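Here are a few short exercises to work through with the model open beside you. Try each task before you read its solution.

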Amino acid sequence: MLVVVLALLAALSNAAASVLQRRAAADEPEGGAGVRQAVRWLGRVLRRPYWVAGAGMLALSTVLQAAALGVGSLALVQPLMAAELLFTLVVGSVVFHRRPDRRTWLAFAALAAGLAAFLTSVAPTAGRSTASAERWIVAAGAVLGAVVALVVTARAVRGAPRAGLLGLASAVSFSLTAALLKEVTGRIPDGAGAVLGTWPLYATAVAGALAFLLLQSAFRAGTLAASQPALTLGDALTSVALGWALFGEQVTLGVRVVPAVIGVALIGAGTAGLARAPSVSGSWDAASRSDGDSPRPVS
């Protein structure tokens with residue numbers, strides 16, 4: 001029960017962080033391409049109160065997720081984090097004073113339900129609390145290679161596809177961060193020296209910083225409806241893969257293959273529905289022109 005509460009609170013905090021930081025990003029024009037323009041844009045966004053509040057919620061979600069991972073497996077925590085998709089729409093409706101269109105709600109619900117069904121069905125058995133250096137080298141190399149490929153591909157496109165690709169790159173980086181957090185918590189019983197005097201704690205900070213920068217780029221590139229599903233799905237699925245590769249969390253489907261297939265079907269339906277949803281390229285999560293602005297909800 002404690003794992004469930006901690007994971008759901010982490011999902012809510014993550015959703016609030018995404019909405020608040022997207023709100024800050026929506027206040028700023030994109031400002032052109034190039035590293036210099038991106039740095040200037042980021043410098044302006046970082047000073048906005050919405051972004052600061054979002055950073056606080058992101059820090060809280062990290063603490064809550066670390067606590068959940070300390071008492072539960074990576075594959076148990078991540079399905080519960082799928083609730084972040086629905087929390088994003090709820091919090092976003094409040095912050096932006098707009099409701100996303102019905103197709104977006106249905107697509108997000110299908111994605112969340114499908115992800116939860118799939119991950120619950122394939123939930124690996126609890127594995128080791130730490131992993132060998134050799135396993136970490138292979139896993140980190142694969143993750144960083146995937147991130148580079150996604151970022152390079154994202155540079156060639158614009159709008160919703162770019163936001164989705166950058167969201168996925170951020171998700172893969174966040175999953176690596178979560179796995180590193182699992183490694184850090186697994187070393188706590190060995191004493192402070194095992195945590196402060198070894199590499200995982202510092203690698204967690206580096207991976208988290210990379211994930212953070214990619215997330216800001218995703219918010220800059222497009223709407224939450226484009227980036228958040230890729231962020232949530234990519235994080236969860238990559239985390240299951242890392243749990244198997246690093247910590248030996250074994251997957252045994254058996255009769256649970258049926259709900260797993262249903263979960264995949266729901267994810268496919270949600271993805272297809274989201275591709276046609278007006279909110280992906282619309283303005284439901286754009287900043288209001290003034291505090292008194294009350295745009296008509298999207299129907």
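Contact here means heavy atoms within 4.5 Å. This is a predicted model, in which local features need pLDDT of at least 70 and side-chain atom pairs count only at pLDDT 80 or more, while totals for chains, interfaces and linings use all residues. Residues are numbered from 1 along each chain as its sequence is written, and side-chain values use heavy atoms, with hydrogens and water left out.

**Exercise 1. Find which residues tryptophan 136 touches, not counting residues up to four places away in sequence.**

Step 1: Leaving those neighbours aside, tryptophan 136 touches Ala131, Leu176, Ala179, Leu180, Glu183, Trp199, Leu246 and Phe247.

Step 2: Now look at the nonpolar cores, sets of buried Ala, Val, Leu, Ile, Met, Phe, Trp, Tyr and Cys residues joined through side-chain atoms within 4.5 Å. Buried means under 20% relative accessible area, exposed over 50%, and partly exposed in between (1.4 Å probe, protein chains only). Trp136 is among the residues with the most contacts inside the largest core, together with Leu115, Leu246 and Leu274; this core has 59 residues. Its largest share, 10 residues, comes from α11.

Step 3: A second, separate core has 14 residues, including Val3 and Leu69.

**Exercise 2. Is phenylalanine 96 buried or exposed? Then do the same for alanine 146.**

Step 1: Phenylalanine 96 lies in helix α5 (residues 84–96), and alanine 146 in helix α7 (residues 133–154). Helices are DSSP runs (H or I, at least four residues), numbered from the N terminus.

Step 2: Phenylalanine 96 counts as buried because its relative accessibility is 1%. Alanine 146, at 31%, is partly exposed.

Step 3: Check a distance for each. The C-alpha atoms of phenylalanine 96 and leucine 20 are 9.5 Å apart, with their positions 76 residues apart along the chain. For alanine 146 and valine 172, 26 residues apart along the chain, the separation is 7.9 Å.

**Exercise 3. Compare the expected span of α10 with the distance between its end C-alpha atoms.**

Step 1: The expected span is 1.5 Å times one less than the number of residues.

Step 2: The 22 residues of α10 should therefore span 32 Å, and the end C-alpha atoms are 31 Å apart, which agrees.

Step 3: Look along the helix for buried residues; in α10 they include Pro200, Leu214, Leu215 and Phe219.

Terms used:
Helices (H or I, at least four residues) and strands (E, at least two) are DSSP runs, numbered from the N terminus.
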